[in-house]
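Please look at the model below with its aromatic side chains and its helices in mind. The report that follows takes up the aromatic residues and then turns to one of the helices.

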Amino acid sequence: MASSTAYSAHTKTTHNRLWRWILRLALPALAFLSGLVLYWIWFDQAYGGTEWTTIVVGLPLAVEAIAVTLWSVSAWSSNDLI
């Protein structure tokens with residue numbers, strides 16, 4: 001029977017901390033890229049105009065960008081920053 005050692009507990013803590021920092025750094029980048037693509041679709045008129053189809057195409061991406069932004073704020077404002 002394997003028992004938990006101090007090394008395995010430290011390794012698990014290190015991996016959790018690493019994944020939290022990866023999320024903290026990746027989520028704002030993803031939110032920025034989503035906003036950039038939305039700007040490209042809606043305001044830069046990459047699809048040729050301001051028809052209703054360009055708005056419909058961007059809506060799922062806008063919802064995703066909002067969700068990722070909220071997740072990013074939550075990850076950065078959590079109590080376990082260290």
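In this predicted model, Trp76 has a relative accessible area of 35%, which lies between the 20% limit for buried and the 50% limit for exposed residues, and Trp76 is therefore classed as partly exposed. Trp21 falls into that class as well, because its relative accessible area is 31%.

A search of the whole structure finds two aromatic pairs. In one of them, the ring centres of Trp21 and Trp76 lie 5.5 Å apart with the ring planes at 80°, so that the arrangement counts as edge-to-face. This pair joins distant parts of the chain, since Trp21 belongs to helix α1 (residues 6-43) and Trp76 to helix α2, with their positions 55 residues apart in the numbering. The other pair is formed by Tyr39 and Phe43, whose ring centres are 5.8 Å apart and whose planes meet at 35°; an angle that is neither under 30 degrees nor over 60 makes this pair tilted. Tyr39 and Phe43 are four residues apart in helix α1, and they are therefore separated by about one helical turn.

The accessibility of the four ring-bearing residues can be set out as follows.

| Residue | Relative accessibility | Class |
|---|---|---|
| Trp21 | 31% | partly exposed |
| Trp76 | 35% | partly exposed |
| Tyr39 | 46% | partly exposed |
| Phe43 | 59% | exposed |

Trp21 has a further neighbour on its ring: Arg24 lies over the face of Trp21, at 4.9 Å from the ring centre.

Helix α2, to which Trp76 belongs, comprises residues 52-76. At 1.5 Å a residue, its 25 residues should span 36 Å, and because the C-alpha atoms at its two ends are 36 Å apart, the expected span and the value in the model agree. The helix nevertheless carries a kink of about 35° at Leu59, shortly before the proline Pro60.

Which residues of α2 are buried? They are Thr54, Gly58, Ala62, Ala65, Val68, Ser72 and Ala75. Ser72 may serve as an example from this list: with a relative accessible area of 8%, Ser72 is below the 20% limit and so counts as buried. When residues up to four places away in sequence are left out of account, Ser72 touches Leu27 and Pro28.

Methods. Residues are numbered from 1 along each chain as its sequence is written. This is a predicted model: local features need pLDDT of at least 70, side-chain atom pairs count only at pLDDT 80 or more; totals for chains, interfaces and linings use all residues. Side-chain values use heavy atoms; hydrogens and water are left out. The expected span of a helix is 1.5 Å times one less than its number of residues. The bend at a residue is the angle between axes fitted to the seven residues ending there and the seven starting there. Buried means under 20% relative accessible area, exposed over 50%, partly exposed in between (1.4 Å probe, protein chains only). Contact means heavy atoms within 4.5 Å. Rings of Phe, Tyr and Trp (its six-membered ring) pair if their centres lie within 6.5 Å; planes under 30 degrees apart count as stacked, over 60 as edge-to-face and the rest as tilted. A charge sits over a ring if NZ of Lys or CZ of Arg is within 6 Å of the ring centre and within 35 degrees of the ring normal.
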